[in-house]
Structure formats: C-alpha cells, structure tokens
Amino acid sequence: MSYEQIVVDVRGAVTWIRLNRPDSLNALTSRMSDEMVDVVSSVAADDAVRCLVVTGEGRGFSAGQDLKEFDAVADLDIERHLERAYHRLIPALVDLPKPVVAAVNGIAAGAGLSLALACDIRIASDAAAFLQAFVRIGLVPDSGGTWLLPRAVGYAKALELSMTGERIDAAEALRIGLVHRVVPADDLEKEITTFADALAAMPTTAIGLLKRLLRDAAGLTLEEALAREAAAQSEAAGSHDFVEGVAAFIEKRPPDFTGR
Ligand code: LHQ
C-alpha cells in the first residue's frame, strides 16, 4: 500500500508513523486510518521492528475525525464508519505485542485523543493540549474513549473531561496522569528517539505479554489474573531474552536482548 496521508520512517528497530495532514491538524480520514492499520500490521509481522512511534506533522497531533470528510453528517451511517475505521485502528495499536509511544506534538482532540490513549506511553510537547471534544458537537466519546480514558486518569476525571469537553494543557495532562512526561517542544523528537530506542532494546516478547496481561487484568478476579500471569510467564521464560537476562545479571554485564 502506498501512503498518502502519513509518512512512515524506519529508524533502526523503531518505526515512526507521522500523520501528515497538518493543514487540518491531522484530522483523521478513512484513508489515513487504513494507512495506519496497514503499517501496524506490517510492524506486527516484522521481528526487526521492536517499537512503534506515532506523531503528527505541524502544530497538531490529531484533531480527531475529519468533520469535513462526509458529504452530509446527518446522512452518515456513523456506526458503520466507526466499525470500519476506528474499530480496526484502535485495537491494532492496543493489541500490538510491541511498545507503542505517542509523541504528542500538539493538540489531541476526540478520536485524536483516543489515538494517543491507544499508545502505551504518551510523551507530550509542552505545546500539546487535550480535549475530549465529542460532547462539543453533540456526540459521545467513541474510538475507545470510554474505555481508554478512565484507565489513564480514573473514572471521575474521565467523566468530567468527557462531559465538559474542557481543553487542558500539557502540564495539567501530566498532573492527572493523561501523559507520562512533558518535554520542551524543541526537544520532543530527540527525547522520543532516545526513549523509543531504549524500549526497542528491551525484551520485546516480555513487553508484548505484559501489555496484554495489564490490559485484561482489570476485568479478572485475582485467581484468574494469577493464572494468566503464570501462563504468560511460561511463554516469557521460553524466550532467549530470559536466558540472556539471567546470564547478564550473573556475569555483571548489560544484557543484549534480541526480542526473541
Ligand atoms: C479540522 C478539524 C476536524 C476537519 C480542525 N476536521 N478539519 C467519529 C465518527 C464520525 C463522525 C464524528 O466523529 C467521530 C469521532 C471524533 O473524533 S468526534 C471529534 C472530532 N473533532 C472535533 O470536534 C475537534 C474539532 N476541532 C476543534 O475543535 C479545533 O480545531 C481544535 C480545538 C482541535 C483546535 O483549535 P485551533 O487551534 O483554534 O485550530 P482551528 O480550529 O483554527 O483549526 C485549524 C484548521 O484545522 C482549520 O481549518 P481552516 O481551513 O479553517 O484553517 C480547521 O477547520 C481544521 N480542523 N479540526 N476535526
């Protein structure tokens, strides 16, 4: 597939997706969503890729659904549209068994915020801002917004942000746990590069497994969670990286993980 609305950049073991519709603050179209799903499935299939970064070109991360994409919103089959676009894209990122980092360079609104939330780690520029924009246009959160936001900031804050559609800045996003770190805008690329390279050098199999464990644990009893942990631990313990991790510890040297 050739990409028209995103730029894909492979830098060593890290693949970068850059949303590339800066004039509309990277508002999401069906085409853009298809392109991202295509990259994520390639990343999933390629052992050489051990981290994915998602960022935006220009002053926006993503302003959410492109509200100008449809001829007439009143005639839109919204359920079908959501299923076709977001119900493929959001799970593809959440379920990707590799670390995914959002480099939130600017505003993240509506489905654009869901996109950031579907990434495992969010590092924001101090110029970023966030809004659960749906209610401002008479909609409810979609694209995973009801599932992802409370997991990041807790139920009470998620309800407040969803009900008010309030815009918050990067400092407030950090305070409530919506992002993991805030860095000066000029340093974002450098900071993300360092962080993503470090994640890509980690034991990728274990990271993929622990992502799934944590995603699922909230709905389980303790006994069920223990059973899932034990099954995943058997898988992790079967990896070369487990053998290497223990050997490196005993030999008092840094581990050389391969992701396998
Ligand atoms: C945009 C957009 C945009 C198109 C800025 N679309 N052009 C799913 C299924 C189906 C339908 C509906 O939705 C969904 C899920 C959702 O994501 S719903 C939420 C959709 N997003 C929004 O409602 C956010 C709309 N945008 C805004 O409120 C503002 O643009 C924000 C607060 C994001 C940024 O404000 P400013 O920094 O003041 O920028 P701006 O408003 O001047 O925007 C710059 C340009 O980007 C402008 O174009 P223009 O040609 O006038 O320069 C906007 O029209 C365009 N743009 N968001 N979502």
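Which helix does glutamate 244 lie in? Glutamate 244 is part of helix H11, which covers residues 240–250. The model described here is a predicted one. The points below cover this glutamate, two loop residues with positive phi, helix H1 and its contact with helix H3, strand S5 with its partners, and an open sheet of four strands.

**Glutamate 244 in H11**
- Glutamate 244 has a relative accessible area of 16%, and it is therefore classed as buried, the limit being under 20%.
- Beyond its neighbours within four places in sequence, glutamate 244 is in contact with Arg253, Pro254, Pro255, Asp256 and Phe257.

**Positive phi outside glycine**
- Leucine 25 is not a glycine, yet its phi is positive, at about 55°.
- The loop that holds leucine 25 runs between strand S2 (14–19) and helix H1 (30–45).
- Serine 143, also not a glycine, has a positive phi of about 50°.
- Serine 143 is placed in the loop between strand S8 (129–131) and helix H5 (145–153).
- Is serine 143 buried or exposed? Its relative accessibility is 4%, so serine 143 counts as buried.

**Helix H1**
- H1 is made of 16 residues, and the distance from its first C-alpha to its last is 23 Å, close to the 22 Å expected at 1.5 Å a residue.
- The buried residues in H1 are Ser30, Met32, Ser33, Asp34, Glu35, Met36, Val37, Val39, Val40 and Val43.
- The cover over these buried residues includes three strands, S1 (6–11), S2 and S3 (51–56).
- Helices H2 (78–84), H3 (86–95) and H4 (111–117) are also among the elements that cover them.

**H1 against H3**
- The axes of H1 and H3 come within 9 Å of each other and cross at roughly 30°.
- The crossing of H1 past H3 is left-handed.
- On the H1 side, the residues that meet H3 are Ser33, Asp34, Met36, Val37 and Val40.
- On the H3 side, Tyr86, Arg88, Leu89, Ala92 and Leu93 take part.
- Sorted by class, this contact has seven nonpolar residues, one polar residue and two charged residues.

**Strand S5 and its partners**
- How many of the five residues of S5 are buried? In S5 (residues 100–104), five of five are buried, and the strand is mostly covered.
- Val100, Ala102 and Val104 point one way from S5, while Val101 and Ala103 point the other way.
- In a regular strand, side chains alternate between the two faces of the sheet.
- S5 pairs with S3 in the parallel sense over four bridges, and valine 53 stands opposite valine 101 in S5.
- S5 also pairs with strand S7 (residues 121–125) in the parallel sense, over four bridges.
- In this pairing, alanine 103 stands opposite isoleucine 123 in S7.

**The sheet S4-S6-S8-S9**
- Four strands, in the order S4-S6-S8-S9, form an open sheet with mixed pairing.
- Strand S4 (60–62) and strand S9 (167–169) are the edge strands, each pairing on one side only.
- On average, neighbouring strands of this sheet are turned by 20° against each other, direction ignored.
- S4 and strand S6 (residues 107–109) run parallel and are joined by two bridges.
- Serine 62 stands opposite alanine 108 in S6.

Note on methods: Residues are numbered from 1 along each chain as its sequence is written. This is a predicted model: local features need pLDDT of at least 70, side-chain atom pairs count only at pLDDT 80 or more; totals for chains, interfaces and linings use all residues. Side-chain values use heavy atoms; hydrogens and water are left out. Buried means under 20% relative accessible area, exposed over 50%, partly exposed in between (1.4 Å probe, protein chains only). The expected span of a helix is 1.5 Å times one less than its number of residues. Contact means heavy atoms within 4.5 Å. Axes are lines fitted to C-alpha atoms, for helices over the stretch in contact, and angles run from 0 to 180 degrees between N-to-C directions. A crossing is left-handed if the near helix is turned anticlockwise from the far one by less than a right angle, and right-handed if clockwise. Ala, Val, Leu, Ile, Met, Phe, Trp, Tyr, Cys and Pro count as nonpolar, Asp, Glu, Lys and Arg as charged, and the others, Gly among them, as polar. Two strands pair if DSSP finds at least two bridges between them.
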